[in-house]
Amino acid sequence: MAAERGGCSLEAVPLPPEVRESLAELELELSEGDITQKGYEKKRAKLLARYIPLIQGVDPSLQAENRIPGSSQATAAVSKQQKSRSTNSRDERFRSDVHTEAVQAALAKYKERKMPMPSKRRSVLVHSSVETYTPPDTSSASEDEGSLRRQGRITSTPFQSHSNVEPWLNRVIQGSSTSSSASSTSSHPGGKPAAASNTATASAAATVLADLMAHAQLGVPVNSRVSSKIQQLLNTLKRPKRPPLKEFFVDDFEELLEVQQPDPNQPKPEGGQMTVLKGEPLGVVTNWPPSLLAALQRWGTTQPKAPCLTALDTTGKAIYTLTYGKLWSRSLKLAYTLLNKLASKNEPLLKPGDRVALVFPNSDPVMFMVAFYGCLLAELIPVPIEVPLTRKDAGSQQIGFLLGSCGVTLALTTDVCQKGLPKAQTGEVVTFKGWPRLVWFVIDGKHLAKPAKDWHPQVQSASTDIAYIEYKTSKEGTTMGITVSHASLLAHCHALTQACGYAEAETLTNVLDFKRDAGLWHGVLTSVMNRMHVVSIPYALMKVNPLSWIQKVCSYKARVAVVKSRDMHWSLLAQRDQRDVNLSSLRMLIVADGANPWSISSCDAFLNVFQSRGLRPEVICPCASSSEALTVAIRRPPDLGGPPPGKAVLSMNCLSYSVIRVDTEEKLSVLTVQDVGQVMPGADVCVVKVDGTPYLCKTDEVGEICVNSGTTGSAYYGLLGITKNVFETNPVTAAGAPVSDQPFTRTGLLGFIGPDNLVFVVGKLDGLMVVNMRKHNADDVVATALAVEPMKFVYRGR
């Protein structure tokens, strides 16, 4: 049959049996798409090369006499088949009338014997247990039928009776196949819906079985080698359509999840159990104000012309200087207006203890400061937030959740800021997605009322009532409000004043966001407590002129500067343009993100460049802080009693097992970190294990730093569950005994206590990643990138 493509019949030529079988297999491979037409012709020509003269010499009239024995109808069918070959249709050339009549005869014979018909996925020769199985959702049998018919004609081993077919078919049905239903689906891309596909599969199977029986009874040869598609089709009849119900409740990952055994050779901590580290006592100041508002009242009435805050524009020019007298008077006006001039349905809109949102841009520290102290004087709780950019800003949606949970109904802002907010058709500020409905109040001077002569605010001593709420965004993207009491606010200002040696009338340059974290603590709160002058550097100015903060340190002779390592890095890129820089006036350069592992590279590079311009090495003071515990530790200059700075080169491999091992800088697998100084005055600090019960760590073990102090936050507003876990932790010894009768606050900082009682931080709990029982930190990725010559690879804004 293979030679019929060339226009002559191989039946007329005495080919050896092995050649005929090879030709048959070659024809089958071509029909199933296993080889290309070109490959088929090449292999066929190679097989027939030695027999080509015989084939060419055969009389074409002999072809009709050498067909497969059969009736005269079969001979007529062959002639019709030869005429149809020119159409190149591989399906039509294997069809014949004798085949159709044979199939019909076989079906009729079995119908007379009253055997089950091959319908509804039931087979004549398949065991009755097959009835309980269903085929896959998509399949087609047209190719398989043609494939089996082709095998019936090209084989050299005929089956002569039905008894010979049944054993072979049973073997096929019982045999295993590695093919899957997915293979069937992919080989027939035009899949039909499940119901139609099941019917088509059953019909195809019935036709195939009937076809086998017809060929066997008529004496048509059938190949003992069954195509893979026929085996696949028969096996799908045994495969269930869907798994049993109970299998839906079996976890697919049970086999993959194995209990990981710790490495017996992994490093283990060998030091003794650490003890609670106590900070220096909080000093007693004879003239210390009883509260922050009392300090504001003192300076506002006794030193009204003393500068409090200087604001700069985007060109670096001072646009306004707020004095302590103006801060006091304008805060009084705002407090009186909020309590007496805002009403809803003849009732005051606000009452003491209500929460108020402060919405001010980073370029307007003056109005923010007035709003903050105005709320404190009115006994309202300020909640500083960021200015929403758009109505559906993803970040502001989380802020809206915070405002809703805090019950905020009023937002304070400026006239300029309000004009920039999205407006509804009515002209009012839109309700941002996820936000509660707010009343927006502009606090510019023309909107404030003069207090009555008989009205005076209640300036009381610091209490445990909430002073303000500072927001924090977790690694999952949720925003939580951390409450800080008046007592904690006063204690924190006291501790910062003692640790940093703040004095009256000092000038401080603040590059940080004044609404939260260190920018708020140093630039808005502690500065007022000590009647300091703050020069606020807007972020927009830093992007235009990275050296602006250094220039203001020089022009104002600032004694203290509060920056981040990014600000130091940016100034390094622009320092070549500025040659008349002198930093000799600085006594403290507070690096607010000194706990980050990458800050050491910025500090070292900044010192190398600016040491020749008056910067002393002991001036650089990294600190560690968190939203929950506020300031945890800060390095102090030697004149304030601080020990020499420390630096640790640690093995990254050991750190991944929370073990501290000193290594050498020559190796690439090390992490170099700097100390963040000593713990805050009046604080007790310990390091506990991250997971499970808060056991004290060993001296050479990394854990979470916990603080017991009167300077920390109090709670997550409205979230009692996680408040207890974070703000009310009780560390215990290895024997299970509590280390103190006072609860500790978890800082979220991972580190250890080093020599000279210096605190070292190697990462944050939010950035912790556990891979194969080893701990890594997201900060290490940044530290590694910056360690590779940051001047060449890390650019501003990246």
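This report covers salt bridges, cysteines and a few selected residues of a predicted model.

**Salt bridges**

The structure contains 18 salt bridges. Three of these pairs are set out in the table, with the relative accessible area of each partner.

| Acidic residue | Basic residue | N to O distance |
|---|---|---|
| E386, 28%, partly exposed | K515, 3%, buried | 3.6 Å |
| E506, 10%, buried | R559, 36%, partly exposed | 3.9 Å |
| D567, 0%, buried | R566, 31%, partly exposed | 3.1 Å |

The side chains of K515 and E386 form a salt bridge that ties together distant parts of the chain, the two residues being 129 residues apart. K515 sits in the loop between β12 (507-510) and α17 (517-529), while E386 sits in the loop between β7 (381-385) and α14 (394-406). K515 counts as buried because its relative accessibility is 3%, whereas E386, at 28%, is partly exposed.

E506 and R559 also meet through their side chains in a salt bridge. This pair, too, links distant parts of the chain, with the two positions 53 residues apart in sequence terms. E506 lies in the loop between α16 (486-500) and β12, and R559 lies in the loop between α19 and β14 (560-563). E506 is buried, with a relative accessibility of 10%; R559 is partly exposed at 36%.

In the pair formed by D567 and R566, the N to O distance is 3.1 Å. D567 has a relative accessible area of 0% and is therefore buried, while R566 has 31% and is partly exposed. Elsewhere, E270, R661 and D700 belong to one network, joined by salt bridges that share partners.

**Helix α19**

Helix α19 spans residues 548-556. Its buried residues are S548, W549, I550, K552, V553 and C554. The helix is followed by K557, which has a positive phi, near 55°. The loop between α19 and β14 also holds R559, the salt-bridge partner of E506 described above.

**Cysteines**

The model has zero disulfides. For C603, the closest cysteine sulfur is that of C621, and the separation of 9.8 Å is too far for a bond. C603 is buried, at 3% relative accessibility. C686 is likewise in no disulfide, and its nearest cysteine sulfur, in C706, is 5.0 Å away. Since the cut-off for a disulfide is a sulfur pair within 2.5 Å, that distance does not qualify. C686 has a relative accessible area of 0% and so counts as buried.

**Residues T413 and N340**

T413 belongs to strand β8 (residues 410-413). T413 is buried, with 0% relative accessible area. Apart from neighbours within four places in sequence, T413 is in contact with V359, F360, Q418, W440, F441, V442 and I443.

N340 is part of helix α12, which covers residues 324-340. With a relative accessible area of 41%, N340 is partly exposed. N340 and A449 are separated by 109 residues in sequence, and their C-alpha atoms are 9.2 Å apart in space.

Key
Residues numbered from 1 in each chain as written. Predicted model: local features only at pLDDT ≥ 70, side-chain atom pairs only at ≥ 80, totals over all residues. Heavy atoms only, no water. Buried < 20%, exposed > 50% of the residue type's maximum accessible area, 1.4 Å probe, protein only. Helix = DSSP H or I, 4+ residues; strand = E, 2+ residues; numbered from the N terminus. Salt bridge = Lys/Arg side-chain N within 4 Å of Asp/Glu carboxyl O. Contact = heavy atoms within 4.5 Å.
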